[in-house]
Every structure is written in C-alpha cells, then in structure tokens.
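User: Hi! I have a structure open and I'd love some help finding my way around it. Can we look at it together?
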Amino acid sequence: MDEELGGLTEEDFYIPPVKYEYLDHTADVQLHAWGDSLKEAFEQCGMAMFGYMTELNYVQIKEVHSIEATADDMMGLLYHFLDELLFLFSVEPFLICKKLVITEFNTEEFRIVCKCYGEEFQIGKHPQGTEVKAITYSAMQIIDEPKDNKFEVFVIIDI
Amino acid sequence: MVVRQYNEELKYLEKINPHCWKIKKGFQPNMNVEGVFYVNSTLEKLMLDELRNACRPGMTGGFLPGVKQIANVAALPGIVGRSVGLPDVHSGYGFAIGNMAAFDMSDPKSIVSPGGVGFDINCGVRLLRTNLHEKDVQPIKEQLAQSLFDHIPVGVGSKGIIPMNARDMEEALEMGMDWSLREGYVWAEDKEHCEEYGRMLNADPSKVSLRAKKRGLPQLGTLGAGNHYAEIQVVDEIYDKYAAGKMGLERIGQVCVMIHSGSRGFGHQVATDALVQMEKAMKRDKIETNDRQLACARINSVEGQDYLKAMAAAANFAWVNRSSMTFLTRQAFAKQFKMAPDDLDMHLIYDVSHNVAKIEEHIVDGKPKTLLVHRKV
C-alpha cells in the first residue's frame, strides 16, 4: 500500500491551509477543526492531532501510506479514523503526517480511506511535542450543516 | 445529566466533617449507593467550582464535574459501600480521577469498567534508594541528569533500547517481573518490594489484540511523556524513624530515585479495544449508565473476563517497563559513580500501582465479601 517517493507528484507536495485550533481543557486538549466539507473537517482534525505531537514545519513529505477506518456511526467513524492515524504513528512506519487526503468518505456505510503524507518520526529532527495516549468520545461533536456551509468537529484527546 | 441551579445541587451535598462530604442519592439518576469525597479547603473549593461552572446556563464543556462523576459511578450495577473520591479527586473521563469503587463479585449484575482503571493501565510509582548523600551528587548533578536522559528514552516518539521480539513480548506479558528477573534486568529482592510481586497471575496475552502488542513492542523501557518522570530526590524530613529505617532510609540528605510510568501505548490500546467491545456488550445486556464514557460489561460476561485478563497482561507490561527503567537507572548511576549498583545500595523500596482493578476480600456491612475494586488516581 506504500508508494515509492518517485510516485509522488507535485500536487502531493501541496500543503493545505490550517483550519484547526487547540482549545485548552483542565488537563487535556480539545481539537477543533473545520472546513468546506465534513471530509475536510475530518482531514484537518487528523492534522491537528499530528500538529500537537510535533511542529509540522519540521516534517517533510517523503512517503505516503494509506489507512482505512470503519464504524457503526459518525462519531465512531471520527474516533476510529483518529485511532488509525495514532496507530500509524505508534508502530512501523512511525509516520508523522503533514498532510491527509481522504479518498473515500462514505457516510452511509461509515467508511474512510485516507492517504497519509509525511515521514518517519525522528528525535532530533522533529521537536517532541505532546504524547497522545488515546482518542476519547468525551464531549465529541460533529457539526454537519450543509445549508449553512458549516462543517466542524470537536474531539478531546487524552494526553 | 440532571440540570439544576447550583443552590439546588448543593442540597444533595452534605459536609459531614471538615474533610469529608457526602453525596446523597438523587444527585444523579439511579444511584445505588451514596458518594463520598475527601478534600481539604483548597480542594473543596476546586470541586465546588467545577460544579458551579457546570451549572451555568449554556455550559456545554467537555467534562462533567468530579462530584457528578462520583455520583454516576454510584449508579453502576453491583456497586457496594460508597463511590469514593480520594483527596486527589478531580474531573476525568467517566470515573473521576481519584475515584474508587468496589463491585460485589457474587452479584451477577456487577460490572467491570475500563474507565475505572484508566487508559494507562498499571500506571504507578516506584522508589529506589541509594547510599549516596546529596553532597555526593551535587557536584555532578548535570552529568548525572544527562546520563539518565541518555539511558532512559523519554517523550513522544521515543523507542526503547531493551532488546525484545514478539516472542519475548508474549512471555513478558504473562510473567511480568519474573520475566525481568529471568532476563537479568532486576534483582530477586525487587519482586518482594513490588505490589503483587510484579506479576498478575490471571494475565492472558491471547486476550490482547495484535494492535496493542504492536504498539507496545517499540515502547518497552520508555518513560513516556506528560506527568511521567524519573526523578532524583533527596530525603528532606523523616516522620517515622522506625518505618523509614525498615525502608533503608536512615538520614536526611539521602538520595533516592522515583520512577513514575505505566504501560505506555500497550495499555492505552488495551483500554481502547475494551471500550469498543463493551459498547456492544452494553447494548446486548441492556446495561444503562449515566455517561457514554462509563462503558462497562458484566464481570462474568465474555467481554468482562477478557478485559480483566488483558488488563492483567497490561499490568505485567507496566511492571516490566518500570523494571527495565530501574535497570537503566542503576546503570546510569554505576557509570557516574564508578561503583556497582549493589555497592550503591540501589534497592527498590516499593512499587505501587494507581490504575488497576483487583479482586480483593473486604468486610461489607459486617460480612466478608469478594469485591472487584477499581482504583484510578
């Protein structure tokens, strides 16, 4: 499922604008992400999580991996999507992602396929931010209001 | 959550002595027992402020206040005694941090909840002593601290340096500190000074997902991040000379090392996996809780038993992890002081877990009972 670096095109190196912020909580942090579609809000939420682990300016796009997440409902889908990304970072290939592109966003069967662009995390090259222990359902919100063009997600991560 | 005015909420709370508050039934729906929490005046203010903030109109914060969480736990099936908030109590996920609750093993409806253990299974602290004095350490403080950093991997993305393959991992999960002893990382007497002798016997690695094992493997022997630490400490005051003497702490200025860490990504994944399984079990067995974060399963259900066996494996992982760091700490000190760790008297004083569920015998209403005690601090 991994593509060689040679397989990356110029378009793959395009860095999307930042559409997320971190909201402080007692001892944790809440990710708040938005976009022009719910798909974009999900992508931004994933990038927000990686941005909390390191400073993304230091990350180069050197490889691309693909993940898949499935669930029984939308909240479950967001939860498992982030959990898959955390897993990609925690084990081989230890990927720290600068950019995420969801290629399949199925809100009826609750399935996501996502391309993850980045490189292996290296202490020394990448500043050590905060370790994410787990994703939580705590106060999770998914705002999906196409008529107002309002697409936002809120997720608390356990740190 | 029941929404009332703050003044109305306070009617359910009663200060029964200067350090203890009672939470009466009705504060949250379906409470089986009362709640209780222990605080000094500073913590009391924090607890009541959490509640007051949650009562503000339009408040949709991420966390329920700790008092509400203690009351929600009091509503879980099979709870006995009271839902207890210990003096470190504050708002957490599902259970409050500092929340302790025991469930009657003989009641078929009793539950086990991963939220009552926490994501970092068998997070705990251990204290090592030395025969060094503060004045021995002071001149080389920087070098010693650097040496600890060189030996113990810390922070996000760090990888362990204790060699381990998938097969070692299976054995470590089953054996806990017995594995560390066999591999030569700890001293035999370390086990005597560790809760459960560093091994939970009901651990079953086959109940742990491959995903958790994959996350755990590269992280064994790493400290982690957040509030985890390996810290050089100095005895400042001795309160009980006899007890301190038994622990080998004999003088002011004596140098110790404290290690606070847990089961790393392994335990986090075990907890995450269990929460998914339990959501299904709750639907099947029609278990209702006041909060989605309080996912749980009957102790005697497949999900409940599988969780307890996987949790025990994670507890063993954490003991192997702290043992590995004990080994690395001893090496770091030995190199700096050019003395063997046993000549430096680097014995383990004690290792205790603060995120765990255990089966224990207690007296409830005058009768001995077998209880599943959840502790999360």
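User: How do H6(B) and H12(B) lie relative to each other, parallel or perpendicular?
Analyst: Happy to help! In this predicted model, helix H6 (residues 166-175) of chain B packs against H12(B) at an angle of about 100°. Angles of 65 to 115 degrees count as roughly perpendicular, so that is the word for H6(B) and H12(B). Their axes are 7 Å apart.

User: Which residues of H6(B) meet H12(B) there?
Analyst: From H6(B) come Met169(B), Ala172(B), Leu173(B), Glu174(B) and Met175(B). On the H12(B) side they meet Ala313(B), Asn316(B), Phe317(B) and Val320(B). Sorted by class, this contact has 7 nonpolar residues, 1 polar and 1 charged.

User: Which residues have the most contacts inside the largest nonpolar core?
Analyst: Those are Ile23(B) and Phe266(B), in a core of 76 residues. Helix H12 (residues 302-337) of chain B gives the largest share of that core, with 11 residues.

User: And what does Phe266(B) touch?
Analyst: Leaving out residues up to four places away in sequence, its contacts include Met169(B), Leu173(B), Ala313(B) and Phe317(B). Those four residues also take part in the packing of H6(B) and H12(B). Phe266(B) touches Val208(B), Ala212(B) and Lys213(B) too, among others.

User: Why would nonpolar side chains be buried together?
Analyst: In soluble globular proteins, that is a general tendency of nonpolar side chains.

User: New topic: sheets! In what order do the 4 strands of the chain B sheet come?
Analyst: The order is S8-S9-S7-S11, in an open sheet with antiparallel pairing. At the edges are strand S8 (229-234) and strand S11 (348-353) of chain B, each of which pairs on one side only. From one strand to the next, the twist averages 20°. H12(B) turns up here again: it packs on the sheet, touching S7, S8, S9 and S11 of chain B, and its direction makes about 15° with that of S7(B).

User: How many bridges join S8(B) to S9?
Analyst: There are 6 bridges between S8(B) and strand S9 (residues 254-261) of chain B. If you want a spot to zoom in on, Val234(B) stands opposite Val255(B) in S9(B).

User: Over to chain A. What is the strand order in its 3-strand sheet?
Analyst: That open sheet runs S3-S5-S4, again with antiparallel pairing. Its edge strands are S3 (63-70) and S4 of chain A. On average, neighbouring strands are turned by 25° against each other, direction ignored. S4(A) and strand S5 (residues 111-120) of chain A share 10 bridges, and Ile96(A) stands opposite Glu119(A) in S5(A).

User: Which strands does H1 of chain A touch?
Analyst: Helix H1 (residues 38-53) of chain A packs on the sheet, touching S4 and S5 of chain A, and its direction makes about 160° with that of S4(A). Helix H2 (residues 74-90) of chain A lies across S3, S4 and S5 of chain A, at about 145° to S3(A).

User: Last one: is Phe105(A) buried or partly exposed?
Analyst: Phe105(A), in strand S4 (residues 95-106) of chain A, has a relative accessible area of 22%, so it is partly exposed. Buried would mean under 20%. Apart from neighbours within four places in sequence, Phe105(A) is in contact with Leu38(A), Lys39(A), Phe42(A), Met74(A), Arg111(A) and Ile112(A).

Definitions and conventions. Residues are numbered from 1 along each chain as its sequence is written. Chains are lettered from A and ligands numbered from 1 in the order in which they are written. This is a predicted model: local features need pLDDT of at least 70, side-chain atom pairs count only at pLDDT 80 or more; totals for chains, interfaces and linings use all residues. Side-chain values use heavy atoms; hydrogens and water are left out. A nonpolar core is a set of buried Ala, Val, Leu, Ile, Met, Phe, Trp, Tyr and Cys residues joined through side-chain atoms within 4.5 Å. Buried means under 20% relative accessible area, exposed over 50%, partly exposed in between (1.4 Å probe, protein chains only). Helices (H or I, at least four residues) and strands (E, at least two) are DSSP runs, numbered from the N terminus. Contact means heavy atoms within 4.5 Å. Two strands pair if DSSP finds at least two bridges between them. Axes are lines fitted to C-alpha atoms, for helices over the stretch in contact, and angles run from 0 to 180 degrees between N-to-C directions. Angles under 35 degrees count as roughly parallel, over 145 as roughly antiparallel, 65 to 115 as roughly perpendicular and the rest as oblique. Ala, Val, Leu, Ile, Met, Phe, Trp, Tyr, Cys and Pro count as nonpolar, Asp, Glu, Lys and Arg as charged, and the others, Gly among them, as polar.
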